[in-house]
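Dear colleague,

I am handing over the structure below, and I would be glad if you kept it open while you read the notes that come after it.

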Amino acid sequence: MTDSNSVSHVMPTYNKLPVCLTHGEGVWLWDENGRKYLDGLSGIAVNTLGHGHPRLVAALREQLGLLVHTSNLYHVRYQEILADKLTSLASMERVFFCNSGLEANEAAIKIARKYGHQRGISHPGILVYDHAFHGRSLATLSATGNPKVQKGFEPLVEGFVRIALNDLPALNAALDGNPNIVAIFIEAIQGEGGINAAHLDYLVALRRVCDERGLLLMVDEVQCGTGRTGKWFAHQWAGIVPDVMPLAKGLASGVPVGAVLVRGAASDVLGPGEHGSTFGGNPLAMRAAIETIAIVEDEGLLDNATRVGEQLMQGLRSGLSGHSGFVEVRGRGLMIGLELAMPCGTLPREALEYGAQYGMLINVTQERVLRLLPSLVMSSGEAELLISGLTGLVSEFLAKQ
Ligand SMILES: Cc1ncc(COP(=O)(O)O)c(C=O)c1O
C-alpha cells in the first residue's frame with residue numbers, strides 16, 4: 001500500500017487512503033501493485049460510464065487531436081450542441097458552462113442575487129438546508145449546512161437562511177419572516193449530507209411556493225444528476241422543473257465540467273461581461289459530455305441505474321437486516337446510503353484490503369453512512385459481487401462492535 005501523505009509536496013487537504021490507482025476498465029480498477037478493486041464509488045459520482053469506456057475513449061482521442069481549448073472569445077460549436085441536448089432533457093432554456101460543481105453553484109448564487117436586485121431587493125437572501133453541501137468556495141461553503149466545512153473561513157458570505165429539510169411549516173415561516181428571500185436552493189438528494197432525499201411531495205410544494213411568491217427554485221443536481229437516480233435529473237421523479245439547475249460531476253464521465261441550466265425569468269438575468277470562465281465550455285469537456293449523454297441513451301443506462309440500484313438496495317437490506325447496529329439502506333437508483341448506528345469511518349480502508357482477489361472502493365459520509373455511487377454501467381453480476389463483499393465487510397464490522 002502507498003502512503004502518499006508522508007512524502008508528498010501536495011498540500012494535505014485530503015485524508016488519502018493508502019492506494020494509488022493506475023488504470024481501469026468498466027467498474028474495475030487496478031493499483032500500482034497490480035491489486036484489483038471493484039469500484040462502488042466512481043470517483044464520487046463522476047465516472048458515469050465507468051473507466052475506459054471504448055466509445056468515450058475514441059471520441060476523446062479524436063478531440064484531443066482536433067482541439068482542446070480555444071476561448072470563449074469565439075464560438076464553440078460543441079457548446080451549442082450540448083446546450084441543445086441538456087435543455088431538451090431538462091425542459092430548461094439556457095446553459096452557462098464552467099468546470100466544477102462549486103462553480104456551477106456560484107453561478108446559481110449570482111443569478112439569484114441579480115434576480116433579486118432586478119426586483120429592487122438590495123440584500124437578496126437564499127433559503128438553504130441543514131446538512132446541505134454545495135461546495136468549498138466562500139459563497140458555496142456559506143450555503144453549505146455543515147459547520148466543519150465553514151470553520152476557520154469566517155466571515156461567511158451573508159444572505160443565506162437555513163431551514164430543516166422536508167419541513168413545510170419551517171419553510172413557510174422562514175419565507176414569511178424574510179421578505180428578502182429570492183430563491184430556494186436545494187439538493188434533490190443530499191449526497192455529502194448522508195443520502196437524504198427531499199420528499200417528492202416537498203419538491204412539488206417548493207415548486208408551488210416559488211410560483212406563488214415569485215422565487216427561483218434552484219436544484220443542485222451536481223451529485224444526484226446525470227442519470228444517477230434512473231432519470232436524467234433526480235427532481236424529475238417529482239415531476240417538477242426548476243428555474244436554475246447546477247450540474248457537474250458525472251456530466252462528462254471524468255473530464256472536468258460544470259453547467260448551470262436556467263429557464264423563464266432566470267434565463268435573462270446574466271448578460272455579457274457578468275459571468276465567465278477561461279476553461280468553461282472547452283471543446284474537450286463539451287465533447288466528453290455530449291458523448292457521455294449519447295452513450296447513456298444508446299446503452300439504456302438510466303434503466304440500468306434503476307434496476308441495478310434496486311438490486312443493490314434489496315440485496316444489502318436482506319443481507320444485513322437483523323444485524324445489531326444496522327439502521328437502514330436508502331437512496332434512489334445508484335445513489336445509495338447504508339446507515340449504521342455507530343461511526344464507521346474505517347470501512348473504506350478495510351474495504352480496500354477486504355477480499356483476497358479484489359478489494360472494494362466505497363465511501364463513508366456523516367461518520368455513519370456508507371455511501372455507494374457506482375458507475376451506471378455496473379452489471380447485475382457486478383452488483384452481486386458488491387452486495388456479497390459489503391455484506392461480509394459490514395457484518396464482520398458490526399460483530400466486532
Ligand atoms: C451536491 C453538490 N454540490 C456541489 C458540489 C461541489 O462540487 P465540486 O467538488 O465539483 O466543486 C458537490 C461535491 O461533492 C456536491 O455533492
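The notes below cover a sheet and then the surroundings of the ligand.

This is a predicted model, in which local features need pLDDT of at least 70 and side-chain atom pairs count only at pLDDT 80 or more, while totals for chains, interfaces and linings use all residues. Residues are numbered from 1 along each chain as its sequence is written, and side-chain values use heavy atoms, with hydrogens and water left out.

Four strands (DSSP runs of E, at least two residues, numbered from the N terminus) form an open sheet in the order β1-β2-β3-β15, with mixed pairing, where two strands pair if DSSP finds at least two bridges between them. Because β1 (21–25) and β15 (358–361) stand at the edges with a single partner strand each, one side of each is left without a neighbour in the sheet. Strand β3 (residues 36–39) runs parallel to β15 and is joined to it by four bridges, and Asp-39 has Leu-361 as its bridge partner in β15.

Around the ligand there are 13 residues (each with a heavy atom within 4 Å of it), of which Gly-101, Leu-102, Asp-220, Gln-223 and Lys-249 come nearest. An N or O atom in the side chain of Asp-220 is 2.8 Å from a nitrogen atom of the ligand, whereas for Lys-249 such a side-chain atom is 3.3 Å from an oxygen atom of the ligand. Taken alone, the ligand exposes 390 Å², and the protein buries 83% of that (areas by the Shrake-Rupley method with a 1.4 Å probe).

Best wishes

Definitions and conventions
A polar contact is a pair of N or O atoms within 3.5 Å; within protein, one must be able to donate a hydrogen and the other to accept it, and residues adjacent in sequence count only if both atoms are side-chain atoms.
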